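Let's take a look at how pieces of a protein fit together. Have the picture open while you read.

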Amino acid sequence: MPNHSPDDVVVDMPRKADTKTEKSSRPEKLEENSPYLVKRLFETNEINLFNHVKFTLVKQEIDKRRIQRPAILDIGCGLQVAKRYLELLDLEFEYFGADYEPKFAPDAVLNLLSPDPEVNFKPDIVMMLDVLEHLHEDPVELKLIVGRIKAMIPPDCVAIITLPQMYRLDRFKFRHLVYPEHKIRLSQSEWREILESHFAIESVQGLGYLSVIPYLPMLSKRYKADNRLGKLFAKLRSEVFEWAPLKPVDLWLSNTLGKIGVLKTLSNDVLFVARPKS
């Protein structure tokens, strides 16, 4: 689960031991499926405007279910940032993180590209936060992957799914914005079609509006990470729009603009709440 932050600093958040599943120490050398993504996650500052808004909205959706101590399966958990954020937001829950990168020390190594993926955990809530865009470049194959996910989770659970929209201007699919992080770039309607092949969508919300502004220099075809436009992007993203008072403002925008028609498509991410189809 990548965090949308450019900082090359790792900020330690409290890491509490899970009461249900104890993790073994991470080996120093493990084979990596996606070396670029692994490197990026270990170097990313996980405390940022985008993550604050994202995990606050995720907690809002979990709270709506009124489940006492919900069991949460975090598919594509990465470095378990979701677990630490939800703890900081005072949510009491059981957590199980699954990822295909063993170097992240998940509770289970899970390969969604395999024919029959499974985990030994029964969740009330399944989170897939900025995951699907990293798995495959073919929409047809992504539908098969979504089907495998549906088959491995309880039929009565709730899925909370976030996917990029204005993050690096993904939804526009500009040719000059090519990078290894995302294998596929889709519009909100295209993502919805993939999800609806196996899930019933209950709600859709735009997530993050102020955090979109730093990406605007990327509209120019002259944009490069090492030129003036790239430096402007980096400054806006890592400094200007990390001013703490912006967090409640962007959360408010996400809870207002994020629920209005076409404005849902102009946010950093889109948040889907869904249930497996019968």
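Here is a short tour of two helices and one serine.

Keep in mind that this is a predicted model. Two packed helices are described by the angle between their axes and by the distance between those axes. For H4 and H5, the angle is about 45 degrees and the axes are 8 Å apart. An angle of 45 degrees is not under 35 and not in the 65 to 115 range, so H4 and H5 count as oblique to each other.

Who does the touching? This table shows it, helix by helix.

| Helix | Residue range | Residues in the contact |
|---|---|---|
| H4 | 139-152 | Pro139, Leu142, Lys143, Val146 |
| H5 | 188-195 | Trp191, Glu193, Ile194, Leu195 |

Sorted by class, the contact between H4 and H5 has six nonpolar residues, two charged ones and no polar ones.

Now stay with H5. Which of its residues are buried? They are Gln188, Trp191, Ile194 and Leu195. Looking down the axis of H5, you'd find these buried residues within an arc of 125 degrees, so they line one face of the helix. The cover over them includes H4 along with strands E5 (158-164), E6 and E7 (269-276).

Next stop: Ser211, in the loop between strand E6 (199-207) and helix H6 (228-238). Is Ser211 buried or exposed? Its relative accessibility is 8%, and the cut-off for buried is under 20%, so Ser211 counts as buried. Setting aside neighbours within four places in sequence, Ser211 is in contact with Leu49, Phe50, Asp250 and Asn268. With Asn268, there's also a side-chain to side-chain polar contact of 2.9 Å.

Conventions:
Residues numbered from 1 in each chain as written. Predicted model: local features only at pLDDT ≥ 70, side-chain atom pairs only at ≥ 80, totals over all residues. Heavy atoms only, no water. Axes fitted to C-alpha atoms, helices over the stretch in contact; angles between N-to-C directions. Helix = DSSP H or I, 4+ residues; strand = E, 2+ residues; numbered from the N terminus. Parallel < 35°, antiparallel > 145°, perpendicular 65-115°, else oblique. Contact = heavy atoms within 4.5 Å. Nonpolar A, V, L, I, M, F, W, Y, C, P; charged D, E, K, R; others polar. Buried < 20%, exposed > 50% of the residue type's maximum accessible area, 1.4 Å probe, protein only. Polar contact = N/O pair within 3.5 Å; in protein donor to acceptor, adjacent residues only side chain to side chain. Arc of directions from axis to C-beta.
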